[in-house]
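User: Please take a close look at one metal site and what lies around it. I am a first-year student, so explain the terms as you go.

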Amino acid sequence: MIHRIAPWCLSQSRYNSVMTRVLGIESSCDETAAALVVDGRLLESNVVASQEDVHRETGGVVPETASRLHLRAIGPVVERALSEAGRTWDDVDVIAVTRGPGLAGSLLVGVNTAKALAFARGLPLVGVNHIEGHVYANWLVEGVEPVFPVICLIVSGGHSDIVLMRGHGQYERLGWTLDDAPGEAFDKAARMMGLRYPGGPSIQRAAAQGDPSRYPLPRAWLRPTWNFSFSGLKTATLRTVREAGDSLNAADLAASFQEAVVDVLATKAVEAAREHGANTIALAGGVAANVALRQRVQELSGGPVLIPPISLCTDNGAMIASVGYFRYAAGERSALDLDVIPVLPITERAAS
Ligand code: KG4
Ligand code: ZN
């Protein structure tokens with residue numbers, strides 16, 4: 001479990017009655033998470049129960065197992081988010097929950113918990129989009145705030161988007177993946193190389209000892225679009241593994257693979273920012289935890305780059321609380337018949 005508390009937030013918010021404290025609940029994939037965030041920016045607690053160890057045995061997420069584990073974890077995780085922050089239910093103003101995209105069975109656990117709590121406590125409920133949550137992790141970075149227009153590179157296990165954001169909740173999807181999301185490509189490539197799940201951190205670790213120029217791997221630039229494709233890279237990686245046989249140097253292949261993904265993601269994000277006159281480049285999603293990607297975007301960009309701390313890049317409740325606050329402030333509310341939406345683009349409103 002990850003527990004994050006920023007004590008300065010506690011003292012600041014305790015005496016200011018106009019602040020809005022949101023409980024964010026997240027269960028879209030394999031992390032059961034809850035957090036308390038004030039005014040969309042001030043993190044009071046962030047509790048994540050990861051199922052990673054269980055899914056490692058099967059080499060990926062088994063949906064039925066995931067939802068069963070969410071059921072077991074959700075109650076304690078929510079209670080812990082309150083206690084870690086030193087708060088009670090009387091301090092909570094709004095409940096925000098991920099309603100999609102994600103695994104239906106997993107989403108249902110979070111949504112039904114949030115609905116039950118909202119009903120029992122008489123609190124407003126806001127259903128939010130998980131991808132939007134990843135973007136809003138950038139509003140939780142202490143001391144800085146994205147300045148619109150923002151180019152967001154959203155890269156995770158299930159998503160791959162370049163989005164132009166002109167204001168809160170205003171998204172123009174410039175590009176997306178034509179096949180795999182980059183996190184998915186990391187996970188599949190890691191399996192080919194005999195590295196453990198989840199593949200992103202394993203490849204990053206192995207790549208640290210490897211030579212990125214050892215195995216030449218293709219890049220799908222797909223210019224003049226802002227789209228991505230990773231299937232050619234995946235096929236080339238598999239061919240390299242097969243051709244090399246016992247002589248394969250997994251560290252070199254991990255480094256070459258990571259370099260190919262980072263090259264395309266960072267270059268396209270920075271080019272999109274230049275072309276659209278963005279004031280900030282914001283990284284979001286689990287793959288934004290990749291150190292090589294973070295460094296490359298910083299190097300290529302002449303302007304400000306916002307990158308949430310690694311614990312806020314992978315799935316968490318704080319990002320859901322943050323976007324929930326901004327949606328609530330914009331007047332959005334969800335009814336108690338809120339249902340899950342497993343396929344939900346960032347451009348679609350999630351509240352109603
Ligand atoms: O955002 P996330 O936690 O869940 C989804 O919404 O998909 O992202 C999980 C993905 C996994 O595919 C994982 O391999 C990848 O993010 N990931 C990384 C790193 N840490 C996690 N990929 C590359 N480098 C990392 N350090
Ligand atoms: Zn995610």
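Analyst:
**The zinc site**

Three residues supply the protein donors of the zinc ion (ligand 2): His-130 (NE2), His-134 (NE2) and Asp-315 (OD), at 2.0 to 2.1 Å. Donors are N, O and S atoms within 2.8 Å of the metal (3.2 Å for Na, K and Ca); water is not among the atoms, so sites may look incomplete.

The model is predicted: local features need pLDDT of at least 70, side-chain atom pairs count only at pLDDT 80 or more, and totals for chains, interfaces and linings use all residues. Residues are numbered from 1 along each chain as its sequence is written, chains are lettered from A and ligands numbered from 1 in the order in which they are written, and side-chain values use heavy atoms, with hydrogens and water left out.

The donor residues follow the spacing H-x3-H-x180-D in sequence. His-130 and His-134 are about one helical turn apart, because they sit four residues apart in helix α5 (residues 130-136). Helices (H or I, at least four residues) and strands (E, at least two) are DSSP runs, numbered from the N terminus. Both histidines, His-130 and His-134, are buried, meaning under 20% relative accessible area (exposed is over 50%, partly exposed in between; 1.4 Å probe, protein chains only).

His-134 also faces another ligand: an N or O atom of its side chain is 3.1 Å from an oxygen atom of ligand 1. An oxygen atom of ligand 1 is likewise 3.3 Å from a polar backbone atom of Gly-158, and one is 3.1 Å from a polar backbone atom of Gly-183.

Note on methods. Polar contact = N/O pair within 3.5 Å; in protein donor to acceptor, adjacent residues only side chain to side chain.
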